[in-house]
Amino acid sequence: MGWLGWLIAGLAVASAALALTLRQVRNEHDRDTALIGRVRTSALYTRLYPLLEQCDECCIEQVLIRAEEVRITLYKPMNRVVRFVFEEQGLDPLDQPQTLRALSRAVALDVACLGDPRKFYYAEKTAPRDVGEKDRWYEYNVQPDYKDQMLRAWYDQREPEEGIIR
């Protein structure tokens, strides 16, 4: 077999590998999309959604999605923290990593600014636990330029006494 034959065989193998990889990525995406859909129709999300609606147009600094809570920190009013603790709502903690990740993605769908990488960056965090397991959580953190832009826009507004800025 000449070099042309080897080239054609190599291209055929590379195409098959690429097709298999694309199929796996598509299947993984479809599973993630289905799981996000199930999370968005769950009892947990039904209770969390009104809080997300309130915070959608707020000055959000950080959103932490942990196994036991969703915590939203605002930079205006300064350092206001809004917590949605699952146990206080009569819900179990999320012990499945893929469900926790799906919840973090669902939150970004309903708080539109979180999905914009120019405004927020998304990070997966882990820390060791006592038993050798890992504690996993997800964060959305405001980009410094976007926060500065928003603070300049609110500069002449006085700090509210109560409530969430709209």
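1. In which helix is the place of Leu-7? Leu-7 sits in helix H1, which covers residues 3–40, and this assignment, like everything below, refers to a predicted model.

2. With a relative accessibility of 42%, Leu-7 is classed as partly exposed, because that class lies between the limit for buried, under 20%, and the limit for exposed, over 50%. Leu-7 also belongs to a nonpolar patch on the surface, in which it is joined by Trp-3, Leu-4, Ile-8 and Leu-11; taken together, the residues of this patch have about 590 Å² of accessible area.

3. As for the overall fold, the protein chain contains four helices and five strands, and their order along the sequence reads α-α-β-β-β-α-β-β-α. Of the 166 residues in the protein chain, 33% are buried.

4. The largest pocket has a volume of about 150 Å³, and its lining is made up of Ala-67, Leu-94, Asp-95, Gln-96, Pro-97, Leu-100, Arg-129, Lys-134, Asp-135 and Arg-136. Two or more of these lining residues come from each of helix H3 (97–110) and strand S5 (134–142), with S5 giving the largest share, namely three residues.

5. In terms of chemical character, which may matter to a reader setting up a calculation, the lining of the largest pocket holds five charged residues, four nonpolar residues and one polar residue. Asp-95, Arg-129 and Lys-134 are among the residues that line this pocket, as are Leu-94 and Leu-100.

How values were computed. Residues numbered from 1 in each chain as written. Predicted model: local features only at pLDDT ≥ 70, side-chain atom pairs only at ≥ 80, totals over all residues. Heavy atoms only, no water. 1 Å grid on protein atoms, 1.4 Å probe; cavity = no way out; pocket = protein on both sides within 12 Å on 5 of 7 lines; lining within 4 Å. Points joined across faces, edges and corners; volume = space filled by probe spheres on them. Nonpolar A, V, L, I, M, F, W, Y, C, P; charged D, E, K, R; others polar. Patch = residues over 30% accessible without salt bridge, like charges linked within 9 Å, V, L, I, M, F, W, Y side chains within 5 Å. Areas by Shrake-Rupley, 256 points an atom, 1.4 Å probe, with all protein chains shown as cover. Salt bridge = Lys/Arg side-chain N within 4 Å of Asp/Glu carboxyl O. Buried < 20%, exposed > 50% of the residue type's maximum accessible area, 1.4 Å probe, protein only.
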